[in-house]
Amino acid sequence: MLYPKESETREVKDLSGVWEFRTESDKNYILMPVPASFNDITQDINLRDYVGRVYYKKSFFIPVYWKERNIFLRVGAAAHFSEVYVNGNLVTKHKGGFLPFEAEISKFVNYGQENIIEIMVDNTLTWDVLPPGELKVIEDEMHPKGYKVLNYYFDFFNYSGIHRPVVIYTTPKVYIKDFSVITELSNNSALVKYSIESEGNNFQVILRDKDKNIVAENFGKSGVLEVKNPKLWEPGNPYLYNLEIKLLEKDNFDIYRMDIGIRTVRVEGKQFLINEKPFYFKGFGKHEDSDIRGKGLDQVINIKDFNLLKWIGANSFRTSHYPYSEEILFLADQYGIAVIEEAPAVGLNLWNRNEKVFTEGRVDGKTLEHHLEIMRELIARDKNHPSVIMWSVANEAATYEDGAEEYFRRVIEETRRLDPTRPITIVENTKASETKVSKYVDVICVNRYYSWYTDSGDLSVIEYQLERDLREWYELYRKPIILSEFGADAISGFHSDPPLMFTEEYQQEMIKRFVGVLDRLDFVVGEHIWNFADFMTKQSITRVVGNKKGVFTRNRQPKMVAHFLKERWSKLPDFWEK
Ligand code: GCB
């Protein structure tokens with residue numbers, strides 16, 4: 001699925017801005033920004049914690065000359081179920097809150113007149129959407145009749161609404177629907193293999209370097225562009241070429257351009273190779289989360305985040321726990337930050353060994369169908385980003401359950417079929433000997449919180465426990481390992497010596513001890529700290545206005561440990577033979 005971009009043959013009308021908004025039971029509309037989560041915009045606690053349907057509405061105009069074109073309406077993401085109406089006609093529906101969807105609306109619009117778009121968004125979580133949840137009616141003497149709660153088992157607030165831009169764009173009647181590129185290296189040249197999806201037949205494909213010089217050209221619907229002495233894309237040194245695709249048909253002349261990178265990725269033995277060099281992941285699990293905006297796209301925050309990643313010496317992050325916006329991936333391509341892209345499969349775990357998750361009525365065949373569909377949509381959206389170097393199919397699922405094995409075998413097999421070029425991982429928090437799934441993936445990602453959730457407050461256990469644990473993973477699977485989460489809550493401004501939990505000292509000392517172990521283990525190919533910044537969660541007795549494991553505050557200011565990491569990561573190269 002192509003990102004909507006302007007060219008000589010395409011126009012894009014961005015409907016971002018102020019929309020009218022109401023909840024299902026409310027007759028009156030209020031003003032609501034799009035994109036943004038609706039939760040933190042007003043002073044109304046009922047809206048902050050609202051569960052159910054909401055309606056967004058806006059008017060727009062379509063010029064008469066657009067009659068000659070196809071007109072598409074595209075929603076970047078709306079959490080979690082959506083229906084889109086144009087002038088009262090249902091034009092599309094979508095399930096899942098973190099991927100785009102679109103519909104051709106040419107026959108539903110009034111040319112040269114006002115049009116109305118309405119989007120219904122429902123944030124109720126069920127067991128057949130990812131991430132899952134369930135609306136429970138509580139029937140006991142302590143609660144009034146009909147009292148409901150939305151239960152979910154992931155650790156971030158269920159921000160809701162239209163989170164990414166809504167745009168209208170045009171194409172010629174016959175147009176470039178999609179394309180994909182795969183890059184390969186041989187000696188001093190690179191092969192850029194492309195294929196175009198279109199009803200048209202005559203194409204010209206041109207690859208230009210940064211100075212706009214043509215470096216390769218071809219004419220088929222699919223083909224190979226050969227680049228002599230290619231400049232490669234890699235973390236820290238992200239060279240981008242511009243690919244221009246032209247559909248050369250008289251009445252259907254179409255042009256689409258995208259910056260692409262030439263690079264290879266593969267796993268061999270203990271190593272994660274980018275351009276055949278052993279890469280070491282330094283970075284974070286992140287969130288799309290910021291004050292007031294919630295999960296709404298904000299390029300101010302996004303560019304600040306990339307500047308902070310550069311400042312601290314990070315070279316990668318994981319899109320924990322869902323696909324991030326396309327805008328973020330374009331920035332990752334440009335800043336040279338490698339991305340492990342994760343499916344929104346989080347919360348597939350009830351944290352109670354006596355309660356099965358992979359069972360009929362919870363994570364079952366319907367969930368699997370949706371998960372497979374998500375992998376298709378995700379790969380279709382992001383296959384051409386050089387920054388995306390691995391897929392993560394889930395975070396901390398109950399992979400020790402029997403039902404998890406067949407479920408994830410299917411998800412991983414489908415992911416590999418869709419994209420044989422990128423390694424696949426699943427992020428685990430089980431013991432090495434208990435998971436039934438890690439044998440199917442290429443890279444082992446593990447999350448560990450020694451001295452935090454276990455032996456709370458006792459930093460002295462870290463070295464012993466972590467080393468033993470990681471060695472066991474390597475002995476069993478012989479695959480490269482990334483420590484994909486470790487960290488401690490630290491409330492900015494809380495200090496103590498000796499270090500006590502929740503202080504900046506404790507967070508720093510914990511992270512220091514963890515990375516000390518990683519340095520000794522040659523099969524460990526990366527360290528991702530949990531989390532880049534403090535973020536909002538649902539309210540609970542273990543969360544102090546959200547999760548405070550950020551190395552930066554929610555307002556993107558450094559805590560003590562940020563300086564330690566900056567120092568460490570500036571000395572650790574991106575590529576090295578461990
Ligand atoms: C985890 C989860 C992450 C949580 C984190 C924590 O293992 O993957 O979503 O936020 O722990 O802080 O508890």
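**Exercise 1.** In this predicted model, find how the side chains of E567 and K571 meet, and where both residues lie.

*Solution.* Step 1: E567 and K571 form a salt bridge, with an N to O distance of 2.9 Å. Step 2: both residues belong to helix 8, which spans residues 560–571. Step 3: they are four residues apart, about one turn of the helix. Step 4: E567 has a relative accessibility of 45% and counts as partly exposed, while K571, at 62%, counts as exposed because the cut-off for exposed is over 50%.

**Exercise 2.** Determine which parts of the chain the salt bridge between D254 and R10 ties together, and whether each residue is buried or exposed.

*Solution.* Step 1: the closest N and O atoms of D254 and R10 are 2.9 Å apart. Step 2: D254 lies in strand 23 and R10 in the segment before strand 1 (12–14), so the salt bridge ties together parts that are 244 residues apart in sequence. Step 3: D254 has a relative accessible area of 0% and R10 one of 4%. Buried means under 20%, so D254 and R10 are both buried.

**Exercise 3.** Locate the salt bridge partner of E244 and the network to which E244 belongs.

*Solution.* Step 1: the side chain of E244 meets that of R208 in a salt bridge (3.4 Å, N to O). Step 2: E244 is in strand 22 and R208 in strand 17 (residues 203–208), so distant parts of the chain, 36 residues apart, are linked. Step 3: E244 is buried, at 5% relative accessible area. Step 4: salt bridges with shared partners join E8, R208, E244, K246 and R257 into one network. In total, the model has 56 salt bridges.

**Exercise 4.** Describe the surroundings of L248.

*Solution.* Step 1: L248 sits in the loop between strand 22 (241–247) and strand 23 (254–260). Step 2: neighbours within four places in sequence left aside, L248 is in contact with N202, F203, Q204 and F253. Step 3: Q204 is 44 residues from L248 in sequence, yet the C-alpha atoms of the two are 7.1 Å apart. Step 4: with a relative accessible area of 37%, L248 is partly exposed.

**Exercise 5.** Work out how strand 7 and strand 8 are joined, and which residue in their hairpin takes a positive phi.

*Solution.* Step 1: strand 7 (residues 81–86) and strand 8 (residues 89–95) run antiparallel and are joined by six bridges. Step 2: V86 has N89 in strand 8 as its bridge partner. Step 3: the hairpin has two residues between the strands, and N87 takes a positive phi near 50°.

Definitions and conventions
Residues are numbered from 1 along each chain as its sequence is written. This is a predicted model: local features need pLDDT of at least 70, side-chain atom pairs count only at pLDDT 80 or more; totals for chains, interfaces and linings use all residues. Side-chain values use heavy atoms; hydrogens and water are left out. Buried means under 20% relative accessible area, exposed over 50%, partly exposed in between (1.4 Å probe, protein chains only). Contact means heavy atoms within 4.5 Å. Two strands pair if DSSP finds at least two bridges between them. A salt bridge is a side-chain nitrogen of Lys or Arg within 4 Å of a carboxyl oxygen of Asp or Glu.
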